Amino acid sequence: MDNYEKFIQKARENRIDPGIAEKLKTRILDATGSNAGTDYRALIVRILFGWTEVPYLRTGMVVASVTVVLLILIQQGIIVDRIGSLESRIISTNTENILKFQKEMMHANATLVTMSDNVFSDDSIKVAGEDLLSLVRSYRELQVRYDELLEVVGEINSGDQIKKLPGRDKLKL
Amino acid sequence: MPVDKNLIEAFRNGDHEAFGYIVSQSLEPCLRLAMRFLERSEDAEDLVQDCFIRVWEKRRYVKSAESFIPWVRKIIVNRCYDFLRREQTRAKYRDENRESELYKSADSEAPDLELRLAESEETLRIITSMLSPKQRIVFILSEIEELSVKEIKDITGMTSNSIKSNCYHARKRAREIFELLDKR
């Protein structure tokens, strides 16, 4: 047995002073006796934050809080993204509507200028805006389909077709 | 040495007198254990006092008489480990100074140190103060308390490999320091 092993053996056999242990025992029993525990402030702190001394609870709370923060961040990201796309949609829709409206107004002006020479030469007529737009749309449709209409009218006038028209007998042709 | 079953039962039911008997039986080994881990005996006393207060508060969690001492020992070791980790930075600085002091004193006469080394407890304290907190815990539990790897594993929660590795390095270092001191 070398010196090191002798030293370890001696260290194992070492005892502490019994006086120290006796004093400590008194301190412990005083601290845990019936007079102890009247410190309500310490009790409240222990109730509120005592869980931090439990390793599993502490780790669990850390994991939960990190997860909640991550979820909030992800949610915020999604909301910001959706708001962004919503704004672009609103702008495009509005732009389209505005352009359409402006186009219709241009057509309406042009139509009114054209029609004023033929129709509204002498009389003064008050027309509601919606009626006017409806009139303009019908007029434009008539312009577009004018040729088709002429063809239909031509066929009717050609002879046999006129006999097939419904309600012909009521007409005094 | 297991505590008497009846005492444990009475203690669990809040019998303060029974707790007093239990403290009398188990305080000395617990205090000795804490003193081996910590350098200042005042710190060890405060820590053991806190541990026994906690034991009293958590008395309902005591499962059996056989498991009482290991449970208290586990509380003490874990608290000592936390304490050592908190003190690690300061201790590191102190150890570096102490180590250089030891190397110097190995070459020259240092009566104070020689006087202190007369006590093996003091020698042990010098040696363990130069180990890391983990090595210190494993070294004392293994070398001085003579616990098995399984028992150390149950107390500290470390893996068997980690215990063996830390124990090997701690023993090697302890021997080096002891031989340095012994040269004088």
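# Reading a two-chain predicted model

User: What does the secondary structure of chain B come to?

Analyst: In this predicted model, the secondary structure of chain B comes to 10 helices and zero strands. Read from the N terminus on, the elements run α-α-α-α-α-α-α-α-α-α.

User: How many residues does chain B have, and what percentage of them are buried?

Analyst: Chain B has 184 residues, and buried residues make up 48% of them. Contacts within the chain may also be sorted by separation in sequence. Among those in chain B that join residues at least 6 apart, 69% join residues at least 24 apart.

User: How should one read the extent of the interface between chain A and chain B?

Analyst: The size of an interface is often given as the accessible area lost when the parts come together. Here the area buried between chain A and chain B is about 2,800 Å², and carbon and sulfur atoms give 60% of that area. In terms of residues, 24 of chain A are in contact with 36 of chain B.

User: How many salt bridges and polar contacts are counted between chain A and chain B?

Analyst: The count is three salt bridges between chain A and chain B. One of these joins A:Arg27 to B:Asp46, with the closest N and O atoms 2.9 Å apart. For polar contacts, the count between the two chains is nine residue pairs, both residues being at pLDDT 80 or more.

User: Which helices of chain A supply residues to the side that touches chain B?

Analyst: Helix H1 (3-13) and helix H2 (18-32) of chain A each supply at least two residues of that side. The largest share, nine residues, comes from H2(A). By residue class, the side of chain A that touches chain B divides into 11 nonpolar, four polar and nine charged residues.

User: How are aromatic pairs to be read, and how many are there over all chains?

Analyst: An aromatic pair is described by the distance between ring centres and the angle between ring planes, and planes under 30 degrees apart count as stacked. Over all chains, the count comes to eight aromatic pairs.

User: Why is the pair of B:Phe11 and B:Phe19 called stacked?

Analyst: The ring centres of B:Phe11 and B:Phe19 are 5.4 Å apart and the planes stand at 15°, so the pair is stacked. B:Phe11 counts as buried because its relative accessibility is 0%, and B:Phe19 counts as buried at 0% as well.

User: Which parts of the chain does the pair of B:Phe11 and B:Trp56 link?

Analyst: This pair is tilted, with 6.1 Å centre to centre and 45° between the planes. The pair links distant parts of the chain: B:Phe11 lies in helix H1 (residues 5-12) of chain B and B:Trp56 in helix H3 (residues 41-57), 45 residues apart. B:Trp56 counts as buried at 12% relative accessibility. Ring pairs link B:Phe11, B:Phe19, B:Trp56, B:Phe68 and B:Trp71 into a cluster.

User: Where is B:Glu145 found, and is this residue buried or exposed?

Analyst: B:Glu145 is found in the loop between helix H8 (133-144) and helix H9 (149-156) of chain B. A residue counts as buried under 20% relative accessible area. B:Glu145 has 19% relative accessibility and therefore counts as buried. Leaving aside neighbours within four places in sequence, B:Glu145 is in contact with B:Leu33, B:Arg36 and B:Ile140.

Note on methods
Residues are numbered from 1 along each chain as its sequence is written. Chains are lettered from A and ligands numbered from 1 in the order in which they are written. This is a predicted model: local features need pLDDT of at least 70, side-chain atom pairs count only at pLDDT 80 or more; totals for chains, interfaces and linings use all residues. Side-chain values use heavy atoms; hydrogens and water are left out. Contact means heavy atoms within 4.5 Å. Buried area is the accessible area (1.4 Å probe) that two parts lose on being put together, summed over both. A salt bridge is a side-chain nitrogen of Lys or Arg within 4 Å of a carboxyl oxygen of Asp or Glu. A polar contact is a pair of N or O atoms within 3.5 Å; within protein, one must be able to donate a hydrogen and the other to accept it, and residues adjacent in sequence count only if both atoms are side-chain atoms. Helices (H or I, at least four residues) and strands (E, at least two) are DSSP runs, numbered from the N terminus. Ala, Val, Leu, Ile, Met, Phe, Trp, Tyr, Cys and Pro count as nonpolar, Asp, Glu, Lys and Arg as charged, and the others, Gly among them, as polar. Rings of Phe, Tyr and Trp (its six-membered ring) pair if their centres lie within 6.5 Å; planes under 30 degrees apart count as stacked, over 60 as edge-to-face and the rest as tilted. Buried means under 20% relative accessible area, exposed over 50%, partly exposed in between (1.4 Å probe, protein chains only).
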